[in-house]
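Biologist: Hey, got a minute to go through this one with me? Put it up on the screen and we'll start from there.

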Amino acid sequence: MKRLSASKLFWGVILILAAVILVLDAVGAELGFLNGIPVFRSIIVLLLLSAAVEQLVKREFGGFFFALAFAFIIYEKQIATWLSLEDTNIISDWTVLLVALLLSIGFSLLFKKRTFTFTYNGNKSKHKVAGSYVTNIDCSVFDEMTVNNELGSCEVHFSNVDGYTGNGVLHVNNELGAMKIYVPADWTVTNRIENELGSVKISGSFNSGGKTLIIDGTNELGSVEIVCVQ
């Protein structure tokens with residue numbers, strides 16, 4: 001059975017929840033804190049907040065802050081009521097959008113470069129890289145390596161594959177990022193990655209009797225794809 005991706009699961013739950021709220025409102029059911037609030041407007045805000053979460057996972061700061069900004073603009077009167085403010089116009093819409101723009105630019109500048117740390121045959125090195133990067137593993141001297149990816153996009157490739165003796169271990173720690181690991185099709189891949197609210201999948205079929213590669217580690221709120229290279 002094909003595993004449901006985290007993104008599809010997330011949006012499936014959100015859309016079903018939105019549909020349930022619309023039906024309950026239509027039949028006049030009690031909606032708790034939503035009573036007295038335009039339900040259609042609440043659905044739009046729910047979708048905007050959900051989109052903001054997804055954009056944050058992808059490290060798309062512009063989409064994240066602007067989704068929050070539009071949600072605030074739509075719900076401004078309700079927020080003012082909850083805060084017991086006399087003036088329901090808390091802040092002008094243009095100011096909200098300008099703040100979203102400045103935050104988007106600021107966070108993009110701060111997080112443009114990430115720290116990429118790996119352990120290669122016992123030696124630990126650190127490299128500052130851009131949001132997306134590619135690293136190559138020399139199989140002629142590879143036995144164990146660790147790749148950490150945080151809020152970035154990473155590709156891992158293997159070179160000098162004819163010199164690979166097998167039983168290598170690749171440790172991956174992926175947090176709020178996207179990682180693709182390209183592995184030769186004639187290897188045997190053992191996937192031991194612990195997945196937490198993310199997506200881990202294998203694309204293609206590997207040789208069950210080939211040289212073994214073990215991939216372990218953690219994936220938190222990100223995506224890891226192990227790609228079979230023919």
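Modeller: Quick word on naming before we start: helices and strands here are DSSP runs, numbered from the N terminus, with at least two residues for a strand. On that numbering, Val141 is found in the loop between strand 3 (132–138) and strand 4 (144–150). And keep in mind that this is a predicted model.

Biologist: Okay, Val141 then. Buried, partly exposed or exposed?

Modeller: Val141 counts as partly exposed, because its relative accessibility is 39%. In space, its C-alpha is 9.2 Å from that of Thr165, and the two are 24 residues apart in sequence.

Biologist: How confident is the predictor overall?

Modeller: The average pLDDT is 77, and 78% of the residues score at least 70.

Biologist: Which elements have the lowest and the highest mean pLDDT?

Modeller: Strand 2 (residues 123–129) has the lowest mean, 39, while strand 7 has the highest, 90. Over residues 113–130 the pLDDT stays under 50. The model does have 44 contacts beyond four places in sequence for that stretch.

Biologist: Switching to the sheet. What's the strand order?

Modeller: The order is 3-5-7-11-9, five strands in an open sheet with parallel pairing. Strand 3 and strand 9 (199–203) are the edges, each pairing on one side only. From one strand to the next, the twist averages 15°.

Biologist: How many bridges join strand 3 to strand 5?

Modeller: Seven, with the two strands running parallel. One pair to look at is Thr135, whose bridge partner in strand 5 is Val156. Strand 5 is also joined to strand 7, by four bridges, and there Cys154 stands opposite Met179.

Biologist: And at the other edge, how many bridges join strand 9 to strand 11?

Modeller: Five, again between parallel strands. Ser203 is opposite Val227 of strand 11.

Biologist: Back to strand 5. Which residues are on its covered face?

Modeller: Cys154, Val156 and Phe158 are on the covered face, and Ser153, Glu155, His157 and Ser159 are on the uncovered one.

Biologist: What does Phe158 contact, leaving aside its sequence neighbours?

Modeller: Beyond four places in sequence, Phe158 is in contact with Ile137, Cys139, Phe142, Leu170, Ile181, Tyr182, Val183, Pro184, Trp187 and Leu213.

Biologist: So what about the largest nonpolar core, which residues touch the most other members?

Modeller: Phe158 is one of them, along with Leu170, Ile181, Val183, Leu213 and Ile215, in a core of 26 residues. Strands 3, 4, 5 (153–159), 6 (168–175), 7, 8 (187–196), 10 (211–220) and 11 each give two or more residues to this core. There's a second, separate core of eight residues, with Ala52, Ala67, Ala69 and Val96 among them. As a general point, nonpolar side chains tend to be buried together in soluble globular proteins.

Biologist: Last topic, charges. How many salt bridges does a search of the whole structure find?

Modeller: One. Glu225 pairs with Lys180, and the closest N and O atoms are 3.9 Å apart. The link joins distant parts of the chain, with Glu225 in strand 11 (residues 223–229) and Lys180 in strand 7 (residues 178–184), 45 residues apart.

Biologist: Is each partner buried or exposed, and why?

Modeller: Glu225 is buried because its relative accessible area is 16%, under the 20% cut-off. Lys180 has 35% relative accessible area, so Lys180 counts as partly exposed.

How values were computed
Residues are numbered from 1 along each chain as its sequence is written. This is a predicted model: local features need pLDDT of at least 70, side-chain atom pairs count only at pLDDT 80 or more; totals for chains, interfaces and linings use all residues. Side-chain values use heavy atoms; hydrogens and water are left out. A salt bridge is a side-chain nitrogen of Lys or Arg within 4 Å of a carboxyl oxygen of Asp or Glu. Buried means under 20% relative accessible area, exposed over 50%, partly exposed in between (1.4 Å probe, protein chains only). A nonpolar core is a set of buried Ala, Val, Leu, Ile, Met, Phe, Trp, Tyr and Cys residues joined through side-chain atoms within 4.5 Å. Contact means heavy atoms within 4.5 Å. Two strands pair if DSSP finds at least two bridges between them. Axes are lines fitted to C-alpha atoms, for helices over the stretch in contact, and angles run from 0 to 180 degrees between N-to-C directions. pLDDT is the predictor's confidence in each residue, from 0 to 100.
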